[in-house]
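Reader: Please pick one part of this model and give me a close look at it. I would like to know how it is built, what surrounds it and how it sits against the rest.

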Amino acid sequence: MSDVENTVKEILEAHGRLPVSALTLKSDDDLYQKGLTSHASVNVMLALEDSFDVVFPDALLRRGTFQSVSAICEALTTLGVGVDPV
Amino acid sequence: MQVTQGCEHECSWHDSVPTDATPTSERGTGVLVGIDVQSIDEVAASMREFGSRYVHRIYTDVEVEQCGDDPMTSARGLAARFAAKEAVMKILDVRDDVPAWKDIAVRRTASGRPEVILQGVAAQLARRQGLGHVSLSLSHTDSVAAAAVVAQVSGRSERLAS
């Protein structure tokens with residue numbers, strides 16, 4: 001498991017208000033089915049921005065972005081997280 | 001309708017009926033109903049945790065201003081507005097184009113009634129669906145805010161480009 005994925009799970013644990021531990025989630029588990037609400041996803045987004053020093057543009061603020069841990073990691077990759085500088 | 005302690009307003013509408021839409025029977029006519037609830041404590045916690053970043057990312061300047069400066073009153077008002085944004089989202093046919101949070105806003109009129117203001121992608125979606133008047137009702141208890149919207153579908157919607 002990557003450091004990014006670990007950090008995403010820790011943020012979900014702290015801000016996702018999930019009824020289950022985010023640390024036990026599989027990468028492709030549906031977070032909304034696990035209990036993630038729209039409002040909690042806002043908190044997750046803001047915490048991700050703090051942690052990774054990025055800003056989520058409006059285009060990424062869609063339900064699919066926060067559908068799963070892997071989806072969040074993919075979104076972070078598009079924002080340059082985990083990409084080695086050239 | 002009054003849930004318990006506070007019914008902030010009754011209802012109002014925002015006239016967003018397009019006048020230049022191409023008729024289509026895609027959605028027909030009738031009404032769409034959206035409803036959502038939001039924990040006030042969760043909004044208050046987000047305000048404490050993320051401050052103005054949270055507030056100004058989600059709510060328009062008018063929404064923030066009209067909810068006041070008192071933390072508890074503000075959290076209650078913003079929670080109702082968050083529920084309203086979600087309730088409106090439920091009646092919009094959202095696919096690839098997703099409205100930004102501020103595309104759906106609540107504004108209190110001079111008479112005290114709340115009305116829905118749609119901008120950007122939300123307004124485009126409403127036009128495409130042929131949505132007419134969107135009536136809004138907000139309510140709250142000490143812990144939960146709720147919003148319900150009812151929209152008329154005019155039967156006149158813009159044809160989606162294929």
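Author: What follows is an account of helix α1 of chain B, first in its chain, then by itself, then with its neighbours.

The model is predicted, so local features need pLDDT of at least 70 and side-chain atom pairs count only at pLDDT 80 or more, while totals for chains, interfaces and linings use all residues. Residues are numbered from 1 along each chain as its sequence is written, and chains are lettered from A and ligands numbered from 1 in the order in which they are written.

Chain B contains 4 helices and 6 strands (DSSP runs numbered from the N terminus: H or I of at least four residues for helices, E of at least two for strands). Read from the N terminus, its elements come in the order β-β-α-α-α-β-β-α-β-β. The chain has 162 residues, and 40% of them count as buried (20 or more other C-beta atoms within 10 Å of the residue's own; 12 or fewer is exposed, in between is partly exposed, and C-beta atoms are placed from the backbone). For residues of chain B at least 6 apart in sequence, 73% of the contacts join partners at least 24 apart (a contact has C-beta atoms, placed from the backbone, within 7 Å).

Now the helix itself. α1(B) covers residues 40-58, and its end C-alpha atoms are only 15 Å apart, whereas a straight helix of 19 residues would span 27 Å at 1.5 Å a residue (the expected span is 1.5 Å times one less than the number of residues). At B:Phe50, α1(B) bends by about 125 degrees (the angle between axes fitted to the seven residues ending there and the seven starting there). B:Phe50 is also one of the buried residues of α1(B), along with B:Ile40, B:Glu42, B:Val43, B:Ser46, B:Tyr54, B:Arg57 and B:Ile58.

What covers those buried residues? In chain B the cover includes β2 (30-39), α3 (71-91), β5 (131-140) and β6 (144-153), and from chain A it includes α2 (38-52).

Of these, α3(B) can be described in some detail. Its 21 residues reach 30 Å from first C-alpha to last, close to the 30 Å expected at 1.5 Å a residue. α3(B) is mostly covered, with 16 of its 21 residues buried. The axes of α1(B) and α3(B) lie 10 Å apart, and the two helices pack at an angle of about 80 degrees (axes are lines fitted to C-alpha atoms, for helices over the stretch in contact, with angles from 0 to 180 degrees between N-to-C directions). α1(B) is therefore roughly perpendicular to α3(B) (65 to 115 degrees; under 35 is roughly parallel, over 145 roughly antiparallel, the rest oblique). On the α1(B) side the contact involves B:Ile40, B:Val43, B:Ala44, B:Met47 and B:Ile58; on the α3(B) side, B:Pro71, B:Ala75, B:Arg76, B:Leu78, B:Ala79 and B:Phe82. Sorted by class, that contact has 10 nonpolar residues, no polar ones and 1 charged (nonpolar: Ala, Val, Leu, Ile, Met, Phe, Trp, Tyr, Cys and Pro; charged: Asp, Glu, Lys and Arg; polar: the others, Gly among them).

The next neighbour is chain A. The contact between the chains takes 11 residues from chain B and 8 from chain A. On the side of chain B that touches chain A, the elements giving two or more residues are α1 and α3 of chain B. The largest share of that side, 6 residues, comes from α1(B). That side of chain B divides into 6 nonpolar, 2 polar and 3 charged residues.

One pair across the chains can be named. A:Asn43, in helix α2 of chain A, touches B:Ser46 and A:His15, leaving out residues up to four places away in sequence. A:Asn43 counts as buried because it has 22 C-beta neighbours inside 10 Å, and B:Ser46 is among the buried residues of α1(B).

The loops on either side of α2 in chain A each hold a residue with an unusual sign of phi for comparison with the general rule. Most residues other than glycine have a negative phi. A:Arg17, not a glycine, has a positive phi of about 50 degrees; its place is in the loop between α1 (3-15) and α2 of chain A. A:Asp53 has a positive phi near 55 degrees and lies in the loop between α2 and α3 (69-78) of chain A. A:Arg17 is partly exposed, with 19 C-beta neighbours inside 10 Å, whereas A:Asp53, with 10, is exposed.

Note on methods. Two residues are in contact if their C-beta atoms, placed from the backbone, lie within 7 Å.
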